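User: Hey, can you walk me through this structure? I'm new to this, so keep it simple.

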Amino acid sequence: MEFNVRRLAADAGTFLSRAVQFTEEKFGQAERTELDAHLETLLGRAESTKQWTERIMKQTEVVLQPNPNVRMEEFLYEMLDKKVPTRANNHELLGECMIDSGHEFGPGTAYGSALIKCGETEKLLGSAEKEFIQSSAINFLTPFRNFIEGDFKTIAKERKLLQNKRLDLDSAKNRLKKARVADARSAELNSTPPLGEEYTAHFSYMLSFLHVGWLKAETELRIAQSEFDRQAEITKLLLEGISSTHAHHLRCLNDFVDAQATYYAQCYQYMVNLQKQMGSFPSTFSSNNNQPAGSSSASISVPTVPVATSLPIPPPSEASPTLNELRSTSGTREARVLYDYDAASSSELSLLADEVITVSSVPGMDSDWLMGQRGNHKGKVPITYLELLN
């Protein structure tokens, strides 16, 4: 029990000294230790990653589920750790309505048959939409949410510890400064001790007490500096992992794009097939009622896009004159990095966005690559990640 009381008193003293230091810094009455520029840059990058990840998640959820009431309901089920009840989406509800009405009017009639065919296609569209939403939630939203609720919480925790260690360090610096001032004053008094033998013992005790306080303040400062440096290194290592987070999020973004491409290709194919089926009905029923008499409805020729095929990739733009000039000479140029890039092999050079490197063209190298150099590190870099500088 005695140990717990002492520990509680020590913790209370530490908290109080941090509060005093923080307040004095706010009022400009105390100096503070500034973090190094690289660490500040990493902190800003991590905070920016967190903010934009949250915004992307929010807007993606709006795209996947435009109804805010349904989003709130799904959020509550998730908070209660319960399974969201299965419900038909708008396409499926429309499809069921069309099929029921088609049976009401009669499947043997042109209008009833057309309604049934449209209803079946709408249900296929609804099924494709569910698959797209599920795939996007698993491969895109979940990794983003794991970063916010996992990795970034760890970063925030270590950053808070770093802030506390910084307050402890500055508080120790202030205590040492005050102890040195008191020690200097005691040295002045020691040169002219008070008269009378009755003051000698008391004065000697006071001097020794001040000297011990000065030594204690020096020891506390060394310990605080060591703990601050250690916490700064831990925080820096975690923050440098943001580059890996960006690479992982890029892979998730590719999965999201693939899911969108598959979804829209499926929808397009379903509608092309429905359009062909609708064209089998007599023109009297399928033509537009608002068309003037004597005019025939022009058929729209649309290409068939297989669901499994990939979307066409636009050809790369021709090389700029500046790039052609670099390739025709053996000189070097500076280039600004547009995006982060993780080297896939030892022959490549990893890149960080916004840094400036030196690039050159090497004979025989693939046209999509240049040789990049940063200090003593050298390796191939992709041209699409660079912006050549004048």
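Analyst: Sure, one term to start: helices (H or I, at least four residues) and strands (E, at least two) are DSSP runs, numbered from the N terminus. Two strands pair if DSSP finds at least two bridges between them. This is a predicted model, where local features need pLDDT of at least 70, side-chain atom pairs count only at pLDDT 80 or more, and totals for chains, interfaces and linings use all residues. Residues are numbered from 1 along each chain as its sequence is written, and side-chain values use heavy atoms, with hydrogens and water left out.

User: Cool. How many residues sit between S3 and S4 in their hairpin?

Analyst: Two. Gly375, in that turn, has a positive phi of about 65 degrees. Six bridges join S3 (residues 369-374) to S4 (residues 377-382), and the two run antiparallel.

User: And what does Met371 pair with in S4?

Analyst: Lys380 is its bridge partner there. Met371 also stands opposite Ser360, and Ser360 falls in S2 (residues 356-360), which is joined antiparallel to S3 by three bridges.

User: In what order do the strands line up in the sheet?

Analyst: It's an open sheet of five strands, S4-S3-S2-S1-S5, with antiparallel pairing. S4 and S5 (386-388) are at the edges with a single partner strand each, so one side of each has no neighbour in the sheet.

User: Which strand does S5 pair with?

Analyst: S1 (residues 332-337), over three bridges in the antiparallel sense. Arg336 stands opposite Glu387 of S5 there.

User: Switching topic: how many residues does the largest nonpolar core have?

Analyst: 33, and Leu39, Phe132, Phe140 and Leu239 have the most contacts inside it. A nonpolar core is a set of buried Ala, Val, Leu, Ile, Met, Phe, Trp, Tyr and Cys residues joined through side-chain atoms within 4.5 Å; buried means under 20% relative accessible area, exposed over 50%, partly exposed in between (1.4 Å probe, protein chains only).

User: Which elements feed into that core?

Analyst: H2 (37-64), H5, H6 (200-240) and H7 (242-278) each give two or more residues. H5 gives the most, with 15 residues.

User: What does Leu239 touch?

Analyst: Leu39, Leu42, Leu43, Ala46 and Ile155, leaving aside residues up to four places away in sequence. Contact means heavy atoms within 4.5 Å.

User: Last one: where does Glu129 lie?

Analyst: In H5 (residues 110-191). Not counting residues up to four places away in sequence, Glu129 touches Asn89, His91 and Tyr263.
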